[in-house]
Amino acid sequence: MKTLLTHFLLLLSIVVHAQTVIPIGHAHNDYKQRHPLDAALSFGFTSIEVDVFLVDKEIKVAHTKLGLPFAKNLKDLYLDPLKERLNDQEAGVYGDSSILVLMIDLKNNRWDLLDLLENLLKGYEDLLVHNQHGELSWAPLQILVSGRPPMQWVNVQKNGFIFADWPLKDSYEKSDRSSYCARRSARWSDYFEWNGKGPISKEELELLERLTAETHSIGQKVRFWSTPETEACWSLLLKYKVDWINVDALEEFALYYRANHVK
């Protein structure tokens, strides 16, 4: 009875929340949520993160090796459920042409993982955003790999449907303009001391503004992870045009976003 009630409440949450899409919401380590994928979609998140390991020619979802004995695979936990949701939704998972980003963090054997992932994704190719000679074709799902993926592989891939999240930099060169690099990410504490409480220093505000502007200047988006999960921090990131807000507390952020940024 408790399980049925839980699923009913989740379904109700989906009905209530999914009408409002959060275009900057990134569900961090989504597989650790009580209801992976379903919870993020119920609150309107448009980017979902999943950590993966290569184990016996399977792509397993887990945060560390300790979780591998109990881990499900990427196909069963994310790809097939997304395909089922998208079969009848040519305008995307939310019906409004939003692209859902599935960010796959490579935790081991990156080259082999990419080869296996590319082969696996061929079964979902019609759902995936493609890079065709530098031009992106619309599709409801974009695959983004993180965890320092080898750009040598990404830039010469055969099928053009695997994009990259690469570490944030202080300055950029022409080689950083890869049309496959869609996002730049960094740990918040690598650049900032502010903990989301009280005032932030003028120097750190200027640094945040510069990092965001520099990254945007080469056509890429910005995400910080391990940010303070406070409304003050969320407001600051939005004000300074950080593209993706990294969130563990999905419901809290969804309520904050709707109360402050939805007209």
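The paragraphs below go through a predicted model, beginning with its nonpolar core and then turning to helix pairs and loops.

The largest nonpolar core of the model has 81 residues, and those with the most contacts inside it are Leu74, Leu102, Ile104, Phe224 and Phe253. One of these, Leu102, can be followed outward to its surroundings: when residues up to four places away in sequence are not counted, Leu102 touches Ile48, Val50, Tyr78, Leu79, Leu82, Leu141, Gln142, Ile143 and Leu144. Two others, Leu74 and Phe253, will appear again in the helix contacts described next, Leu74 in helix H3 and Phe253 in helix H8.

Two packed helices are described by the angle between their axes and the distance between the axes. For helix H3, which covers residues 74-86, and helix H4, which covers residues 110-121, the angle is about 40° and the axes are 12 Å apart. H3 is therefore oblique to H4, and the crossing in which H3 passes H4 is right-handed. On the H3 side the residues that meet the partner are Leu74, Lys75 and Leu79, while on the H4 side they are Leu117, Leu120 and Leu121. Sorted by class, the residues of this contact between H3 and H4 are five nonpolar, no polar and one charged.

A second pair is formed by helix H7, residues 231-239, and helix H8, residues 250-261, whose axes come within 11 Å and cross at roughly 55°. Angles from 65 to 115 degrees would count as roughly perpendicular and those under 35 as roughly parallel, and H7 and H8 are therefore oblique to each other. H7 also passes H8 in a right-handed crossing. The contact brings together Glu231, Trp234, Ser235 and Leu238 of H7 with Glu252, Phe253, Tyr256 and His261 of H8. By class, the contact of H7 with H8 has four nonpolar, two polar and two charged residues.

The loops of the model can be read in a similar way, by asking where a residue lies and what it touches. Leu37 is in the loop between strand S1 (22-27) and helix H2 (38-42), and it counts as buried because its relative accessibility is 1%, where buried means under 20%. Leaving out residues up to four places away in sequence, Leu37 touches Asp30, Ile48, Leu77, Tyr78, Pro81, Leu82 and Arg85. Ile48, Tyr78 and Leu82 are also among the residues that Leu102 touches. The loop between S1 and H2 holds Asn29 as well, and Asn29 is buried because its relative accessible area is 6%. With neighbours within four places in sequence left aside, Asn29 is in contact with Glu49, Asp51 and His63.

Two further loop residues can be introduced by their backbone angles. Asn109, found in the loop between strand S4 (100-106) and H4, has a phi near 40°, a positive value in a residue other than glycine. Its relative accessibility is 43%, and Asn109 therefore counts as partly exposed. Lys241, in the loop between H7 and strand S11 (244-247), has a positive phi of about 60° although it is not a glycine. At 59% relative accessibility, Lys241 counts as exposed, because exposed means over 50%.

Definitions and conventions:
Residues numbered from 1 in each chain as written. Predicted model: local features only at pLDDT ≥ 70, side-chain atom pairs only at ≥ 80, totals over all residues. Heavy atoms only, no water. Axes fitted to C-alpha atoms, helices over the stretch in contact; angles between N-to-C directions. Helix = DSSP H or I, 4+ residues; strand = E, 2+ residues; numbered from the N terminus. Parallel < 35°, antiparallel > 145°, perpendicular 65-115°, else oblique. Left-handed = near helix turned anticlockwise from the far one by under 90°. Contact = heavy atoms within 4.5 Å. Nonpolar A, V, L, I, M, F, W, Y, C, P; charged D, E, K, R; others polar. Core = buried A, V, L, I, M, F, W, Y, C linked by side-chain atoms within 4.5 Å. Buried < 20%, exposed > 50% of the residue type's maximum accessible area, 1.4 Å probe, protein only.
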